[in-house]
Amino acid sequence: MKTRAFCLLATFILLFHSLSAQKVAVVLSGGGAKGLAHIGVIRALEENNIPIDYVAGTSMGAIVAGLYAAGYTPDQMEELFKSDQFKFWSTGKIQEEYRYYYSKLEESPAWLSLDVKKRDNKLKIIFPTNIIPEGQMDFAFMELFATTNAACNYDFNKLFVPFFCVATDAYNNTEVQLSSGDLGEAVRASMTIPFYFKPIEIDSTLVFDGGLVNNFPVKNVLDTFNPDVIIGHKVASNAARPGEDDIMGQIENLLMKKTDYEIPKDKGILIESTFDDIGLLDFDKIEQIDQEGYDHTMALIDSIKGRISRRVPIDDVMKRREKFNKCKPKLKFQNVQVEGVRDPLQRKYIIMNLKHRSDTIGIEELRQQYFKLVSDPQIKSIRPVSFYNPHTGFFDLHLRVKPNNQMEIQIGGNVSTKPINQGFLSLDYRFFKNRAYTLSTNIYFGRFYNSVKVGGRIDFPSKLPMYLSGYLTFNRWEYYPTESEFFFPTASLPTVVLDENNLRFELGVPVGTRGKLMLRSSFNNENEKYYLSSLVLKDDKADETAFKTFASALVFEENSFNNIQFADEGIASQLGLTFVTGEEKYSPGTTSSEAGLSNASDGHSFLRFHGLYDNYLPLSHRFTLGVYGEGTYTNKNLFSNYAASILSAPSFEPTPFSRSLIISDFRANSFVSGGLKSILRLGDQLHLRVEGYGFLPLQAIKANDVYAQYQDFDFGETKFMGLGGLVYQSAIGPVSLTANYFENASTKWFVVFSFGYVLFNKRGY
């Protein structure tokens, strides 16, 4: 209470001192990344002792003005915008340390997710309304401004500098001036660009970016603060008249009302910064943009000083800022309330996932638990709003939750210049009470790969969460002899059809943020059709090997990759011990039976130990080095013939397209392998990557001839594979142009252009 009384007394003294002084307001326009120039303007004004008594802004101008009003210095603002933290919340991506692997469902090649909702007894598809996920941004604005809200008691006139910003009423298409309430939500509303970010509700009004209706609130400042002088900084202009083929220009003119960027000559000075090479989201050019704002202000500083006679030494500003910041309480939370769900069991599920049974929770722990909830398939969005409780000294946390629609359709696949094209369609049905349930089914269809999967997962929230899942999967791969230059590098495997069906069960618990420990069991039925002869006639019957098994495994996995395919950040590793027992049945084809081979049956029981390590090490802002290692060991016996032994052996598949090949030189029951990946970032989504791998079989499988085989317990010959090319990570999937190399009896190079993912449903073991 003494601290709050001191803060109020200091505020009244400052207000009294300023009553008779010349009052100056700073107005900052919107303009995306160009608005970073506002920081340079404020820095130049402070260095020259120009007073700033009020600030206001729209969109990016609202962010800079809001941060300044909250007690941030220009240097602190610049540091914030340069930080990885800003990069993540402006793009919606989750930091590596908060990517909660445990809650992720099985990977799929989905490009697009569409919610399905029942309205008027009809099922309707709900299309996405925003490109950038809002979870990062919502938490960031809460964290940045929560303690400031407590210091000013939710009154923007009691900030370090009085402030307001402008947003747009999405229903009435009119401006909304935000001068009180939650500062973070006000700033978040003002810069919510349509289609990029999801709008939010403030006082039951759905609001968007204020730049749609008023990108430079000079008149609002005159009406609200009535300053003696306005210093305005403009980094945007009204849209030019569009041509008949200028679609983007037409849309911009339709969406944005014309703004008056002038300041009455008797009321102030306009600073204008223009940029020809800065885009809406070019935040990485902050130093250049910041300097432009500073230089343009310094070019007019004599005119500004001539207009404003009052001076405020920067030391006095720093002391006043320090006093204001001392009024901010520590950010710690006690009570948690959940809005947006009616069922008390759903509220319990969310609170248990977030807080468990702790009395209070700090910001670091809250951030970790929040991103766990954001990754939950049951949750569509969570907007955290904090309220300071002066009686307890803690913050109360209100979570405005939107559960995911119960049904979701996913569409995806792969389009490639090689014959591995496939389509993908899935349907998930989700619901939760005190436990979360996800029922899933999907289908892959294409010439190369076809599959159907049905099953589900149950999540149990507790101090140590746990899930139980079960899936029935039917897989089929078909390799055609017409593609022999890519799919059949040796004459021993001219045609292969792989049918694999499995019923899998899995029990999992999290290990830290990015790992989980799983106990898996599966019943599997594999059927492989192939030819042991290189001379195959149209009427020849294929050889056939069936392998029915039961498998059980204990597996630890971790994964914090930023992308499902062609990652360039994060770590993935796996350690697993698998026990397999089953029976092999061999039926010879026409060419094999002529050579004297007959039906055979044999039992197999074996253990397999497998380990994988894949880590991306950032060496600089643009260059990353990837380190890859993989090994497997098994005491498995060979199968009835060479082809069956090769097809049933573990394969080395470190690149996307190696998963679509059968190359005997990269298959062995036991092997070690390793590789390096060099990645050069050419942009936020574009990078150049070169990968090289070596594969060494510890138990090489070789053939005396096409009918017999033996196992060589000496080390085999090291084989190499590699990949190099350009990868662009689009919003719906990777686009790549790569040259691929596989060393074998007749060395193979091939170039692939691909859009989408080379992924398949899981096999049994």
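Here are four short exercises with worked solutions on a predicted model.

**Exercise 1. Classify the aromatic pair of Tyr154 and Phe387, and say which parts of the chain the pair ties together.**

Let's start wide: a search of the whole structure finds 43 aromatic pairs. One of them joins Tyr154 and Phe387, with 6.4 Å from centre to centre and 35° between the planes. Now apply the cut-offs: centres within 6.5 Å make a pair, and planes under 30 degrees apart count as stacked, over 60 as edge-to-face and the rest as tilted. The pair of Tyr154 and Phe387 is therefore tilted. Next, place the residues. Tyr154 belongs to the loop between helix H6 (135-152) and strand S5 (163-169), while Phe387 is in strand S13 (residues 379-389), so the pair ties together parts 233 residues apart in sequence. Finally, check the accessibility: Tyr154 is buried at 19% relative accessible area, whereas Phe387 is partly exposed at 32%.

**Exercise 2. Do likewise for Phe652 and Phe695: how is the pair classified, and where do the two residues lie?**

The centres are 5.6 Å apart and the planes make an angle of 25°, which gives a stacked pair. Phe652 lies in the loop between helix H17 (642-648) and strand S26 (671-681), and Phe695 in strand S27 (residues 686-697), so this pair ties together parts that are 43 residues apart in sequence. Both Phe652 and Phe695 are buried. To finish, widen the view: the two residues belong to one aromatic cluster, whose members also include Tyr628, Phe666, Phe671, Tyr693, Phe742 and Phe750.

**Exercise 3. Which rings have the charged end of Lys453 or Lys636 over them?**

Take the lysines in turn. For Lys453, the ring is that of Tyr471, with the charged end 4.6 Å from the ring centre. For Lys636, the ring belongs to Phe639, and the distance to its centre is 5.0 Å.

**Exercise 4. In which sense does strand S14 pair with S11, and in which sense with S13?**

Begin with strand S11 (residues 332-339): its pairing with strand S14 (residues 394-403) is parallel and runs over five bridges. As an example, Val336 has Leu397 of S14 as its bridge partner. Then turn to S13, which pairs with S14 in the antiparallel sense over ten bridges. Here Ile382 stands opposite Val401 in S14. Last comes the turn: the hairpin of S13 and S14 has four residues between the strands, and Gly393 in this hairpin takes a positive phi near 80°.

Terms used
Residues are numbered from 1 along each chain as its sequence is written. This is a predicted model: local features need pLDDT of at least 70, side-chain atom pairs count only at pLDDT 80 or more; totals for chains, interfaces and linings use all residues. Side-chain values use heavy atoms; hydrogens and water are left out. Rings of Phe, Tyr and Trp (its six-membered ring) pair if their centres lie within 6.5 Å; planes under 30 degrees apart count as stacked, over 60 as edge-to-face and the rest as tilted. Buried means under 20% relative accessible area, exposed over 50%, partly exposed in between (1.4 Å probe, protein chains only). A charge sits over a ring if NZ of Lys or CZ of Arg is within 6 Å of the ring centre and within 35 degrees of the ring normal. Two strands pair if DSSP finds at least two bridges between them.
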